[in-house]
Amino acid sequence: MFYTVLRSFVRFGMHWYVPDLRLSSMDLARFQGPALVVSNHPNSLFDALVLAVYAPVEIRYLARGDMFKNPIANVVLRNLFMLPIYKKSDDPEFLVKNDFTYDECIRNLQAGKHILIFPEGRSHNLWQLQHFMNGGISTLLERAIKADIPLQVQPYVLHYSSFKVAPKALSIQALPSIDATDYLVDNAVQSSDLIKTLRASLAQHMDPLPLQPRLLAPRKAQLLRIPAQIGYYSQYWFYKLWRDYVAKKTKGTIFFDSMLFVGLLFSYPLLVLLFSVLVAQFAGFWIGLLLFIALPATAYCMAVHHKIKPQADTKTWQVNYFPKEEE
């Protein structure tokens, strides 16, 4: 229940953060049985969020083991269907702990659930496909076949216009699934061959350049111009506070985008509620209700109206909030 509600909340919030969202070939992700969900991994935790929101099924996730050290975080993350995977630097007993995690993954797959794993392992804020760390996916493939699980591998390709600032453009493309049983030789899965096929499929559908944002139709841009300006002058300050704070806290890491989204996702509704309640106390209920609707509506117009430009490289990002009429 908690996962379902949070998933819907995240999907709703995506409309403001990713106004230029494209879902491609999503019918290919049929999930007719237990599956390993795999994807390129350019944008840290944000990749897992978008796959969780737009995949048609509930997904369990393999996440960095160091995030589970705090007992409260451990409970929360596990309730969000996250499972820890450890590196040698995280814990001297990483092999034993990872065995427990893989056992739990197999129990989930036997129950018809789906596990998300990023073959690249680490995220680098790059558009090119990185080197695969095959250990995790090979282990899960081999254990699943030994457990007589008819495992599918469901690939996705994620493509961003930027990793630095919102709003942004994002493409999520589902690729044809791969049947692990097609790679059986003498009842043993040829995981290296399957992984080669998977990598070739991902690489074939990836673009090494930033995603080109779609232009807003002139008539729509004209209609949104005034409410977008209202949203900008009334609320951009709040985005700027979060942007600058998160940029400082995540400097030198690849967590900027995911932390900024989470911060805005949970704080912005509180801001809208607080302002609306205060106004209602002084100007009446209906004025407060109007503000409760107008604030997110104008913020959404601002997000849609922004002229998003693709990131020139991993260090720069440009956005023109209110383009000239001739543009």
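**Chatting through the predicted model**

Trainee: Starting with N98: buried or exposed?

Mentor: N98 is buried, at 8% relative accessible area. Buried means under 20%, exposed means over 50%, and partly exposed is in between, using a 1.4 Å probe and protein chains only. This is a predicted model, where local features need pLDDT of at least 70 and side-chain atom pairs count only at pLDDT 80 or more, while totals for chains, interfaces and linings use all residues. Residues are numbered from 1 along each chain as its sequence is written, and side-chain values use heavy atoms, with hydrogens and water left out.

Trainee: Where does N98 sit, and what is it in contact with?

Mentor: N98 is in helix α4, residues 94-110. Setting aside neighbours within four places in sequence, N98 is in contact with P84, I85 and Y86. Contact here means heavy atoms within 4.5 Å.

Trainee: Zooming out, how many helices and strands does the protein have?

Mentor: Nine helices and twelve strands. They're DSSP runs numbered from the N terminus: H or I over at least four residues for helices, E over at least two for strands.

Trainee: Why call it as compact as a globular protein of that length?

Mentor: Because the radius of gyration is 22 Å, close to the 20 Å the globule rule gives for 327 residues. That radius is taken over C-alpha atoms, and the rule is 2.2 Å times the number of residues to the power 0.38. The C-alpha atoms fill a box of roughly 75 × 45 × 35 Å along the principal axes. Buried residues come to 48% of the 327.

Trainee: What separation do Q222 and G33 have?

Mentor: Their C-alpha atoms are 47 Å apart, with the two positions 189 residues apart along the chain. Q222 belongs to helix α7, residues 218-249, and is partly exposed at 47% relative accessible area.

Trainee: New topic, pockets. What's the volume of the largest one?

Mentor: About 1400 Å³. Rolling a probe the size of a water molecule over the atoms shows where empty space is left. On a 1 Å grid over the protein atoms alone, a pocket is an open set of points with protein on both sides within 12 Å along at least five of seven lines; a cavity is a set where a 1.4 Å probe fits but cannot get out; lining residues have an atom within 4 Å of a point. Points are joined across faces, edges and corners, and a volume is the space filled by probe spheres set on them.

Trainee: Which residues line that pocket?

Mentor: There are 47, with L45, L62, A63, R64 and M67 nearest the centre. Helix α2, residues 44-54, gives the most, with six. The lining splits into 33 nonpolar, nine polar and five charged. Ala, Val, Leu, Ile, Met, Phe, Trp, Tyr, Cys and Pro count as nonpolar, Asp, Glu, Lys and Arg as charged, and the others, including Gly, as polar.

Trainee: And how many cavities of 30 Å³ or more are there?

Mentor: One. The largest cavity holds about 50 Å³, and its 13 lining residues include H41 and E120. That lining has four nonpolar, seven polar and two charged residues.

Trainee: What about backbone oddities, say F31 and D186?

Mentor: F31 has a positive phi of about 50° without being a glycine, and it counts as buried at 14%. D186, also not a glycine, has phi near 55°, but D186 counts as exposed at 74%.

Trainee: Which peptide bond is cis with omega near 0°?

Mentor: The one from A166 to P167. P167 is in the loop between β6 (152-160) and β7 (169-174).
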